[in-house]
Amino acid sequence: MARNGGKIRRAPVSRRGDIRLSPPATLAALYLVLILLGTLLLKTPIATQVDVSWSDAAFTAVSAVTVTGLVVVDTGTVYTHFGQAVILLLIQLGGLGLMTFALMVLSVLGIPMGLPQQMYLKEDLNQTSIGGVTRLGLTILKVVVLCELAGMTFLAFVFVPEFGWGEGLWQALFHSISAFNNAGFGLHADSLTRWVSDPIVNVTVPLLVIIGGIGFSVLSDIWQHRAWRKLTMHSKLMLSGTAALLVLSTFGFATLEWTNPATLGGLESDGERVTASWFQAVMTRTAGFNSVDIAGLHDSTSFMVMCLMVIGGGSTSTAGGMKVVTFVVLILATYAFFRRKRNVEAFGRSIGVEELLKVLAVTVTMLFLVITALFVITISHDGDFVDLAFETTSAMGTVGLSRGTTGELDTFGRVVIMIVMFLGRVGPLTLGFFLATRTPPRTSYPPGRILIG
């Protein structure tokens, strides 16, 4: 108790049994609730054309909420339009972010977000402070609606002539939302391979994936400043890193697969091979669509694809992975070390120690999770190691590309992949914040010397 002006003020007493979750833990719990609801809806008779197991429904729900795209049953033939609509809603909520969707609802109702809600939105958008998160959230909503409607319009020119107005518009909407959210869910068993040479599909779908995966903070920065020199260092790193990876991956895919009869070698013209290389180069880091047979890739190409899946897309985006900027900062830090520079610099700015530690934490956490999950799966499933590594990496990067092994896994293997997809969506950094203590250290120690290398 304390006295203040003759009055007794009691110190607040925390009630025993109260559970106070941090924003990252709360968001993780919300995603789990969404997965549970999605599983229940996908198991209802009106959602499926044939009976599906609880395992199939749960796997599909996890894959949709985490915007991964790995499937164990064919979405287009097993699920009815209602079931497909449920999957589409789960993709939209999982990709857009639950708190961003809540912001949309509150904005429509004219209700401002309070401080607690802004804290959750900050975690959902992976921001360092709550300043401007509401404005960023509204920008995200505008970009999402505009891009998905534009994508649907262009894709309708492909799907409507082939499937009719009703089914064609539905498929255009489904693939547009799936592409923008980097989910990779399709309504055809062969994904988009039948349109490998279609110019509309090969332009619209990759552009939706790139815009959705580049990061809403970067898009907001571009919209506000519209000049390269005025962009933030993060935006410059993200844009330059994305461009470099797209060029290198397109060239690498074409070089490695050009004469492979199972992939590019089976196409009729060089133009189709270049187009397919571009399409697959975009999909490998973020989305799970494919226009060639992924199971037919050379092992060298598969390894390149796995590396790209680990890198992923951008922060505050619908993409997964350890993020492009994280990878670029790792390269810059390595370069600075060999150049014996004391600071890591880019575009006239230096990168602080705290950011470097975060980059290191994200990288180590993601690699540790991939290695651990792969080790656990190989214990119960003796299959082709490249295939197992490919599926595990695809799940962690929430990419969704598959060599066909996911459907062959037993129940234990599926559970491991589901956990990996969830952790890949929640994010290694958020996971680290959830597990780490927030209590500041009471003691500090003098620096010591260690030998490295």
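Biologist: Which residues do ring pairs link into a cluster with Phe159?

Modeller: Keep in mind that we're looking at a predicted model here. Two rings count as a pair if their centres lie within 6.5 Å. Ring pairs of that kind join Phe159 into a cluster with two other residues, Phe163 and Trp195.

Biologist: Okay, and how many aromatic pairs does the structure hold?

Modeller: One of the pairs is made by Trp228 and Phe347, and another by Phe337 and Phe338. Go through the whole structure and the count of aromatic pairs comes to five.

Biologist: What kind of aromatic pair do Trp228 and Phe347 form?

Modeller: The centres of the two rings, Trp228 and Phe347, sit 5.9 Å apart, and their planes make an angle of 75 degrees. Planes over 60 degrees apart get a name of their own. That makes the pair of Trp228 and Phe347 edge-to-face.

Biologist: How many residues apart in sequence are the parts that this pair ties together?

Modeller: Trp228 is in the loop between α10 and α11, while Phe347 is in the loop between β3 (344-346) and β4 (349-351). Because the two rings come from those two loops, the pair ties together parts whose separation in sequence is 119 residues.

Biologist: Trp228 and Phe337: which one is exposed, and which partly exposed?

Modeller: Exposed means over 50% relative accessible area, and buried means under 20%. Trp228 has 43%, so Trp228 is partly exposed. Phe337 has 62%, so the exposed one is Phe337.

Biologist: What about the partners, then: what is the relative accessibility of Phe338?

Modeller: Phe347, the partner of Trp228, is partly exposed at 39%. Phe338 pairs edge-to-face with Phe337, at 5.3 Å centre to centre and 70 degrees between the planes. Phe338 counts as exposed, and its relative accessibility is 64%.

Biologist: Now for a helix: which residues of α10 are buried?

Modeller: Helix α10 covers residues 216-225, and the residue that follows α10 is Arg226, with a positive phi near 55 degrees. For a residue to count as buried, its relative accessible area has to be under 20%. In α10 the residues that pass are Phe216, Ser217, Val218, Leu219, Ser220 and Asp221.

Biologist: Zooming out, what share of the residues in the protein chain is buried?

Modeller: The chain has 18 helices and four strands. Its accessible surface is about 22800 Å², with 65% of that belonging to carbon and sulfur atoms. Of the 453 residues in the chain, the buried share is 51%.

Biologist: Which element gives the most residues to the lining of the largest cavity?

Modeller: The search finds one cavity of 30 Å³ or more, and its volume is about 70 Å³. Two elements give two or more residues to its lining, α9 (199-214) and α11 (233-257). Among the lining residues are Val209, Ile210, Gly213 and Ile214. With four residues, the element that gives the most is α9.

Biologist: How many residues in that cavity lining are charged?

Modeller: Arg counts as charged, and Arg285 is one of the lining residues. The rest of the lining splits into five nonpolar and four polar residues, and the charged count is one.

Biologist: Last one: which class, nonpolar, polar or charged, has 14 residues in the lining of the second largest pocket?

Modeller: That pocket has a volume of about 470 Å³. It is lined by 26 residues, and the closest to its centre are Val71, Ala189, Ser191, Asn290 and Ser402. Eight lining residues are nonpolar and four are charged, and the class with 14 is polar.

Key:
Residues are numbered from 1 along each chain as its sequence is written. This is a predicted model: local features need pLDDT of at least 70, side-chain atom pairs count only at pLDDT 80 or more; totals for chains, interfaces and linings use all residues. Side-chain values use heavy atoms; hydrogens and water are left out. On a 1 Å grid over the protein atoms alone, a cavity is a set of points where a 1.4 Å probe fits but cannot get out, and a pocket is an open set with protein on both sides within 12 Å along at least five of seven lines; lining residues have an atom within 4 Å of a point. Grid points are joined across faces, edges and corners, and a volume is the space filled by probe spheres set on the points. Buried means under 20% relative accessible area, exposed over 50%, partly exposed in between (1.4 Å probe, protein chains only). Accessible areas come from the Shrake-Rupley method with a 1.4 Å probe; for residues, only the protein chains shown count as cover. Rings of Phe, Tyr and Trp (its six-membered ring) pair if their centres lie within 6.5 Å; planes under 30 degrees apart count as stacked, over 60 as edge-to-face and the rest as tilted.
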